[in-house]
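Work through the exercises below with the sequence and the model side by side, and try each task before reading its solution.

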Amino acid sequence: MKVLLISDVHANLHALQAVDNAEPDVDLTLFAGDMVDFGYFPHEVIEWFRSRNCICVAGNHDREIVALARSDHARPEEGCAPSYAQYNLSRMTGRDLDYLAALPDDATFEIDGISYYMTHYAGDDMQQEDR
């Protein structure tokens, strides 16, 4: 089985397409978080992952965009330029936000009889003894 492991795309569709072109024949894609923030194509990046056979986990930027959407700061203050996060949020649909919100913090899976564990980060709020 050919597996592609990627992480930290940060809404950079052009980089994601370059990886896709370099490795077109994968059986499974693993994504270790941070689909959005910093780049200009959050919707397209989310659609790319949604349309493929992927195991994905949330990254801290994915969680931060969802939190921003639920806050009073989703739009920039009048007269101020948007942050990357606010810009990304403006380019996303409700379906995109739902997709990000539903991403698990971690995943355990088996490939060719070997078990794997994947997470983006292990912050203070995660209980390491449970891993």
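The exercises go from the sheet to a buried acid and then to the salt bridges.

The model is predicted, with local features requiring pLDDT of at least 70 and side-chain atom pairs counting only at pLDDT 80 or more, whereas totals for chains, interfaces and linings use all residues. Residues are numbered from 1 along each chain as its sequence is written, and side-chain values use heavy atoms, with hydrogens and water left out.

**Exercise 1. The sheet**

Determine the strand order of the open sheet and how its strands pair.

Solution. Begin with the elements themselves: helices (H or I, at least four residues) and strands (E, at least two) are DSSP runs numbered from the N terminus, and two strands pair if DSSP finds at least two bridges between them. On that basis the open sheet has three strands in the order 1-2-3, with parallel pairing. Its edge strands, each paired on one side only, are strand 1 (3-6) and strand 3 (54-56). Next, follow the bridges: strand 1 is joined to strand 2 by four, and Val3 has Leu28 as its bridge partner in strand 2. Strand 2 (residues 28-31) is in turn joined to strand 3 by three bridges, with Phe31 partnered by Cys56.

Then look at the side chains of strand 1, where buried means under 20% relative accessible area, exposed over 50% and partly exposed in between (1.4 Å probe, protein chains only). Leu4 and Ile6 point to one face and are buried, while Val3 and Leu5 point to the other face and are not buried. This follows a common pattern, since in a regular strand the side chains alternate between the two faces of the sheet.

**Exercise 2. A buried acid**

Find what surrounds Asp62, which is buried yet has no salt bridge.

Solution. First locate Asp62, which lies in helix 3 (residues 60-69). A salt bridge requires a side-chain nitrogen of Lys or Arg within 4 Å of a carboxyl oxygen of Asp or Glu, and the nearest side chain of opposite charge to Asp62, that of Arg63, is 6.9 Å away; here Lys and Arg count as positive and Asp and Glu as negative, while His and the chain ends are not counted. The side chain of Asp62 does, however, reach the backbone nitrogen of Asp34 at 2.8 Å. Finally, list the contacts (heavy atoms within 4.5 Å): leaving aside neighbours within four places in sequence, the residues touching Asp62 include Gly33, Val57 and Leu103.

**Exercise 3. The salt bridges**

Work out which parts of the chain are tied together by the salt bridges of Lys2, Arg95 and Arg63.

Solution. The structure holds seven salt bridges. In one of them Lys2 meets Glu23, with the closest N and O atoms 2.7 Å apart. Because Lys2 lies in the segment before strand 1 and Glu23 in the loop between helix 1 (13-22) and strand 2, this pair ties together parts that are 21 residues apart in sequence.

Arg95 forms a salt bridge with Glu47, at 3.4 Å between the closest N and O atoms. Arg95 lies in helix 5 (residues 94-102) and Glu47 in helix 2, so parts 48 residues apart in sequence are tied together. Glu47 and Arg95 also belong to a network of salt bridges that links them with Arg50 and Asp96.

Lastly, Arg63 and Asp105 meet in a salt bridge (2.9 Å, N to O). Arg63 lies in helix 3 and Asp105 in the loop between helix 5 and strand 4 (106-111), so this pair ties together parts that are 42 residues apart in sequence. Arg63 is partly exposed, at 25% relative accessibility, and Asp105 is partly exposed at 42%.

Technical notes. A polar contact is a pair of N or O atoms within 3.5 Å; within protein, one must be able to donate a hydrogen and the other to accept it, and residues adjacent in sequence count only if both atoms are side-chain atoms.
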